[in-house]
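Student: Please pick one spot in this model and go through it up close. After that, work outward from there, so I can see how the surroundings fit in.

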Amino acid sequence: MKDSLNDIITKYHASGIEQLPNFNQLWTRILILHSAALSENTTPAEPNYMSFDPKANDENQAETMTVISLARAYKKMEEYARNHVDIDINKLCVLAGIINSDDLNESEEPSCNFRKHELPEGPDGLSHAPAKNIGNLVRHLCNDINEYRRQISLKSTIDYYYFTFDIQRMLIYISPWTSGNARMARLVTNWMQCEYGLLPTRVDANDSKSYIEAYRDSILHNNPDLFRSYLSETMCVHLSEDLKAFSVYVQSLPKPVKKAEPKKKRAYIHTPLIINPLKTRGKILQLLLDNPKLSAAAISKIIGVSTKGIERHFSRLKHDGYLRRIGPDKGGHWEVVFTGDANQDDMAY
């Protein structure tokens, strides 16, 4: 299953679908609509794959309070992800407060306290963590997440996906709040994925029964691989559907006029920048996108590579046309360029 997930993710990156101007908006909308429908046991009007119909993004469509609250929570989550902040109890309670809020006023951030009572048993007598242990369980989970994120450079992409699946499973088991626990578990999973530029995992509202069964079997048999495998298989299916929809969309576009072949072939080709968040240069580029004024010394402290090493990466990125300096060394800033004249063998950074 690891190979299958890795293969479909590679195809997804190579397809060009992520270069669409509204890609992130489309994806986030799907995550929100289906998470809301999954919780409400309803079926959203939109399918769980990329829809390129402008009407699908019409903000005037009627939306439930659950969808509106989730949209606010995802906006807050994206802020946390961009700033690479540590996860802690306070941030989780803020997100849970937004999800469970029925107040449309965005001027204040509601917070949701941990439940003080036991939740009823689920299917087959499946129970959740005792209320008296919730604080310690969530605190330990936050510590484990932050420690794992500090070691991300040592992990493969698929191992990190599995780690985020385990977070979702544990949060559903703990169920720290009276309501909204499954929505929170999926949101935190997406937070950990979005932070490092990974494709977020989504669950179709029509998968409700199989999703619950996979979680139940994983808990009953104390086997996280059962839940990991289910989410991996589901992700493969949904990404495949995205690629099919994108292929149909591309075929519907007007055919470009063919240009005459150049008489002289260039030694280098025009290559789009693909940021790999698990590579050193990918981390450098992401940091510079967030803060163009960072120095080599500052980046060195953040990712644990020597200043000279960072400067060597700067030189290579500038040589390949993906990074340029605007202004003087003091008072200037960096600009990340998303197309450059890089060698074809070095497409991913």
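**A close look at N146 and what surrounds it**

Tutor: N146 lies in helix 5; helices here are DSSP runs of H or I with at least four residues, strands are E runs of at least two, and both are numbered from the N terminus. Before going on, a word on the ground rules: this is a predicted model, so local features need pLDDT of at least 70 and side-chain atom pairs count only at pLDDT 80 or more, while totals for chains, interfaces and linings use all residues. Residues are numbered from 1 along each chain as its sequence is written, and side-chain values use heavy atoms, with hydrogens and water left out.

Back to N146. Its relative accessible area is 7%, so N146 counts as buried (buried is under 20%, exposed over 50%, partly exposed in between, with a 1.4 Å probe and protein chains only). What does its side chain do in there? The side chain of N146 reaches the backbone oxygen of I87 at 3.0 Å. N146 also makes a side-chain to side-chain polar contact with R149, at 2.8 Å. Polar contacts are pairs of N or O atoms within 3.5 Å; within protein, one must be able to donate a hydrogen and the other to accept it, and residues adjacent in sequence count only if both atoms are side-chain atoms. Setting aside neighbours within four places in sequence, N146 is in contact with D86 and I87, where contact means heavy atoms within 4.5 Å.

Just along the chain from there, D88 caps the N-terminal end of helix 4, with a side-chain oxygen 3.2 Å from the backbone nitrogen of N90. Helix 4 covers residues 89–99, and 10 of its 11 residues are buried, so it is largely enclosed by the rest of the structure. On the buried list are I89, K91, L92, C93, V94, L95, A96, G97, I98 and I99; note that a lysine, K91, is on it. What do they pack against? Helix 3 (65–83), helix 5 (134–150) and helix 7 (181–194), and helix 5 is where we started, with N146.

Two loops in this neighbourhood have odd backbone angles. H84, in the loop between helix 3 and helix 4, has a phi near 50°, positive although the residue is not glycine. At 29% relative accessibility, H84 is partly exposed. S175 sits in the loop between helix 6 (157–174) and helix 7, and its phi is near 45°, again a positive value in a residue other than glycine. Here the surroundings do cover the residue: S175 is buried, at a relative accessible area of 4%.

Now the aromatics. The structure holds 16 aromatic pairs: rings of Phe, Tyr and Trp (its six-membered ring) pair if their centres lie within 6.5 Å, with planes under 30 degrees apart called stacked, over 60 edge-to-face and the rest tilted. Y211 and Y230 make a tilted one, at 6.4 Å centre to centre and 50° between the planes. Y211 is in helix 8 (residues 208–220) and Y230 in helix 9 (residues 224–252), so this pair ties together parts 19 residues apart in sequence. Y211 is buried at 5% relative accessibility, and Y230 is buried at 11%. Ring pairs also link Y148, Y160, F163 and Y196 into a cluster.

Arginines sit over rings too: R202 over the face of W27, at 4.7 Å from the ring centre, and R325 over the face of W334, at 4.9 Å. The test is NZ of Lys or CZ of Arg within 6 Å of the ring centre and within 35 degrees of the ring normal.

Zooming out, the protein has 12 helices and 4 strands, and 44% of its 349 residues count as buried. Among contacts between residues at least 6 apart in sequence, 70% join residues at least 24 apart. Confidence has a mean pLDDT of 83, with 84% of residues at 70 or more; pLDDT is the predictor's confidence in each residue, from 0 to 100. Go easy on residues 341–349, where pLDDT stays under 50.
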